[in-house]
Amino acid sequence: GLGNADDSAFFGIMRGEPGLPDDPINYPRRYRVDLRAGKVEESVIDSSANYELPVVSAAERALPHTHAYMIQADRGEVFARSLGQLHGQTLERRSYGFDEGEYVSEPVMLDHVGGERGRWIASQIYNAAERASYFAILDDENFSAGPVARIKLRHHVPLSFHGHWSPLV
């Protein structure tokens, strides 16, 4: 089955039961709503990994969106080490995997002043070997190439799950 939140690795750790589910349980899905027929059709886009914390550009919320971004934890990983990109129309998937011992937080789309859709994605990364964090900036047009910039901090920041970009006006 598709599982539920109580089956997630995070809830198991909080209950003192470390371990991973045998198969990924958090998938990107597409829902098609037929208002006239009163029906909703659900389809799983990718069940090969756990995908969580999806985000789209604020300029495209509740509209057909270009891309969605999310964290991606491959089989056997409790904490995500990759970011995923999903094309809103073609469902083409791309990802970028960070180095061993680097863990990602929720991606944030950096929109432009005036609400125009941005083309940069930021994610907070924790580097366990350096015991420090950095912000990775990726270009959504060349996502799989990885960060175009890293903003390194001298200290760690606890992995956080929610962020928001607000351009200076």
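In this predicted model, R94 comes out as partly exposed, at 31% relative accessibility. Its salt-bridge partner is E92, with the closest N and O atoms 3.3 Å apart. E92 is likewise partly exposed, since its relative accessible area of 42% sits between the 20% and 50% cut-offs.

The R94 pair belongs to a wider set: searching the whole structure turns up seven salt bridges. Another of them joins E100 to R81, this time with 3.9 Å between the closest N and O atoms. Here the two partners sit in distant parts of the chain, 19 residues apart: E100 is in the loop between β6 (93-97) and β7 (102-104), while R81 is in the loop between β4 and β5 (82-87). Their surroundings differ as well. E100 is exposed, with a relative accessible area of 70%, whereas R81 counts as buried because its 18% relative accessibility falls under the 20% cut-off.

A third pair to look at is R119 and E141, whose closest N and O atoms are 3.6 Å apart. R119 lies in the loop between β8 (108-110) and β9, and E141 in the loop between β10 and β11 (147-152), so this salt bridge ties together parts of the chain that are 22 residues apart in sequence. R119 is partly exposed at 31% relative accessibility, and E141 is exposed, at 57% relative accessible area. Salt bridges with shared partners also link E77, R81 and E100 into one network.

As for the overall fold, the protein chain has one helix and 11 strands. The helix comes at the start of the pattern, which reads α-β-β-β-β-β-β-β-β-β-β-β along the sequence. Of the contacts between residues at least 6 apart in sequence, 40% join residues at least 24 apart. Buried residues account for 38% of the 169 residues in the chain. The accessible surface adds up to about 10,300 Å², and carbon and sulfur atoms own 52% of that area.

On the inside, the largest nonpolar core is built from 17 residues, and L83, F98 and V104 have the most contacts within it. Strands β3 (50-55), β4 (67-73), β9 and β10 (132-139) each put at least two residues into this core. Another core, of seven residues, lies apart from it and includes A49, V56, M70 and L86.

Strand β9 also carries a polar residue worth a look. N127 lies in this strand, which covers residues 120-127. With 10% relative accessibility, N127 counts as buried, given the 20% cut-off for that class. The N127 side chain makes a polar contact with the side chain of E102, at 3.0 Å. Setting aside neighbours within four places in sequence, N127 is in contact with G101 and A132 as well as E102.

Nonpolar side chains turn up on the outside too. Y31, V33, L35 and V40 form a surface patch with about 480 Å² of accessible area together. One of these, V40, lies in strand β2 (residues 39-44). V40 is exposed, since its relative accessible area of 58% is over the 50% cut-off.

Key:
Residues numbered from 1 in each chain as written. Predicted model: local features only at pLDDT ≥ 70, side-chain atom pairs only at ≥ 80, totals over all residues. Heavy atoms only, no water. Helix = DSSP H or I, 4+ residues; strand = E, 2+ residues; numbered from the N terminus. Buried < 20%, exposed > 50% of the residue type's maximum accessible area, 1.4 Å probe, protein only. Polar contact = N/O pair within 3.5 Å; in protein donor to acceptor, adjacent residues only side chain to side chain. Contact = heavy atoms within 4.5 Å. Patch = residues over 30% accessible without salt bridge, like charges linked within 9 Å, V, L, I, M, F, W, Y side chains within 5 Å. Areas by Shrake-Rupley, 256 points an atom, 1.4 Å probe, with all protein chains shown as cover. Salt bridge = Lys/Arg side-chain N within 4 Å of Asp/Glu carboxyl O. Core = buried A, V, L, I, M, F, W, Y, C linked by side-chain atoms within 4.5 Å.
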